[in-house]
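Here is a colleague's note, written as numbered points that can be read one at a time beside the structure. Please keep the picture open and find each residue as it is named.

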Amino acid sequence: MPYERIIFAVIRNTIAFSLIVLLCSPRLSAEALFDAHLHYNEAHAARYGPQQIIQKLTDNDVLCAVVTSTPAHLATRLYQQAPDRIVPLLSVHRNPEDKIRWVRDARVVERIEAELKKGVWHGIGELHLFAEDRHSAVFRSLIDIAVRYDLPLVLHADPAVIDTLYEIAPNHPSLWAHAGTFPYPDLIADYLRRYPALHIDVSVRDDRIATNGEISDDWYELFLTYPDRVMIGVDTYSLSRWHGFDSAVERIRGWLALLPDEIASRLAYDNAAAFFNKSPQRQAD
Ligand SMILES: [Zn+2]
């Protein structure tokens with residue numbers, strides 16, 4: 001074969017191969033995500049240092065993340081590692097037991113206020129609170145503080161708690177973690193309609209949202225009706241969630257890809273960026 005023809009064949013094959021790679025790769029540059037629900041607790045920090053966590057986020061194109069920690073200072077450690085990418089949320093828990101106790105512990109109020117004076121925090125939460133404790137004086141004080149400092153609240157809570165919050169502070173921005181404790185789209189839609197400052201994150205609700213490669217009709221309708229009020233998150237509530245971070249992100253991307261592009265981008269990134277007022281240069285690669 002003449003020399004020119006060999007060169008031509010090589011070029012042709014290279015182009016053909018590149019085209020195949022291009023067409024077969026699902027998404028060469030994944031869309032950036034803003035994770036609205038991460039935990040970085042003591043056991044997680046013992047296994048993954050701040051640099052490793054940031055690397056995990058980078059590897060998964062998670063450009064920004066909201067992080068809360070028990071104890072609280074671990075979130076600031078992560079924030080110091082990547083201040084443009086981490087939104088630190090102030091936890092009311094010093095240890096796992098506080099998750100249940102805080103609602104009756106009046107000292108929480110003073111401690112939270114002292115922490116907020118440091119000026120690092122972008123919100124308070126995640127507060128675990130159920131219907132029977134919705135009239136807690138500590139909760140009421142925390143709502144007052146959140147309003148005074150103009151900081152959003154993140155609540156892992158029953159619907160009745162959301163009603164109590166909005167009786168006290170009708171316009172205060174809040175994020176209802178996991179779309180609430182009764183994550184039925186009809187009920188969620190009712191709450192989003194009733195309370196314009198309420199938003200939801202749909203962390204750990206992937207099984208409900210999508211099964212067998214399809215988004216269920218009621219969730220699809222919810223996302224299309226309230227495209228500005230929904231955020232995504234992995235929720236690293238345990239060390240194993242950090243180990244499986246890549247596949248949890250992939251799962252979320254899987255159902256996001258089934259939504260119209262414009263709606264998917266809002267859920268994936270824009271809504272959290274607007275809610276937490278954090279928007280570094282968004283890069284698609
Ligand atoms: Zn959580």
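1. A good place to begin is helix 11, which spans residues 217–225 of this predicted model. Its buried residues are Trp219, Leu222 and Phe223, and, seen down the helix axis, they fall within an arc of 95°, so they line one face of the helix. On the other side of helix 11, Asp217 and Glu221 are exposed.

2. The next point concerns aromatic rings, of which the structure holds eight pairs. In one of these pairs, tryptophan 242 and phenylalanine 245 are stacked, with 5.3 Å from centre to centre and 25° between the planes, and both of these residues are buried. Phenylalanine 275 and phenylalanine 276 form an edge-to-face pair, in which the centres are 4.9 Å apart and the planes stand at 80° to one another; phenylalanine 275 and phenylalanine 276 are likewise buried.

3. Aromatic residues also come together in a group, since Tyr166, Trp176, Tyr191 and Tyr195 form one aromatic cluster. Tyrosine 191 has a further partner, for the charged end of arginine 194 sits over its ring, 4.4 Å from the ring centre. An arrangement of this kind is found again at tyrosine 48, where the charged end of arginine 47 sits over the ring, 4.4 Å from its centre.

4. Which protein residues are the donors of the zinc ion? They are His37 and His39, each through its NE2 atom, and Glu126, through OE, and these donors lie 2.0 to 2.2 Å from the ion. In sequence the donor residues are spaced H-x1-H-x86-E. As for their surroundings, histidine 37 has a relative accessible area of 4% and is therefore buried, while histidine 39, at 12% relative accessibility, counts as buried too, because the cut-off for buried is under 20%.

5. Histidine 39 should be kept in mind when turning to the largest pocket, which has a volume of about 370 Å³. The pocket is lined by 23 residues, and the closest to its centre are His39, Asn41, Thr70, His93 and Lys99. Two elements, helix 2 (42–47) and strand 4 (124–129), give two or more residues to this lining.

6. Two peptide bonds deserve a careful look, given that most peptide bonds are trans. A cis bond joins threonine 70 to proline 71, with omega at about -5°, and proline 71 is found in the loop between strand 2 (62–68) and helix 4 (73–81). Another cis bond joins glycine 125 to glutamate 126, with omega at about 5°. Glutamate 126 lies in strand 4 and is one of the donors of the zinc ion, whereas threonine 70 is among the residues closest to the centre of the largest pocket.

7. The last point is about backbone angles, where the background is that most residues other than glycine have a negative phi. Aspartate 61 has a positive phi, near 55°, and its place is in the loop between helix 3 (50–59) and strand 2. Histidine 178 also has a positive phi, near 60°, and is placed in the loop between strand 6 (174–176) and helix 9 (185–194). Are these residues buried or partly exposed? Aspartate 61, at 25% relative accessibility, counts as partly exposed, whereas histidine 178, at 4%, counts as buried.

Note on methods:
Residues are numbered from 1 along each chain as its sequence is written. This is a predicted model: local features need pLDDT of at least 70, side-chain atom pairs count only at pLDDT 80 or more; totals for chains, interfaces and linings use all residues. Side-chain values use heavy atoms; hydrogens and water are left out. Buried means under 20% relative accessible area, exposed over 50%, partly exposed in between (1.4 Å probe, protein chains only). Helices (H or I, at least four residues) and strands (E, at least two) are DSSP runs, numbered from the N terminus. The arc is that of the directions from the helix axis to the C-beta atoms. Rings of Phe, Tyr and Trp (its six-membered ring) pair if their centres lie within 6.5 Å; planes under 30 degrees apart count as stacked, over 60 as edge-to-face and the rest as tilted. A charge sits over a ring if NZ of Lys or CZ of Arg is within 6 Å of the ring centre and within 35 degrees of the ring normal. Donors are N, O and S atoms within 2.8 Å of the metal (3.2 Å for Na, K and Ca); water is not among the atoms, so sites may look incomplete. On a 1 Å grid over the protein atoms alone, a cavity is a set of points where a 1.4 Å probe fits but cannot get out, and a pocket is an open set with protein on both sides within 12 Å along at least five of seven lines; lining residues have an atom within 4 Å of a point. Grid points are joined across faces, edges and corners, and a volume is the space filled by probe spheres set on the points.
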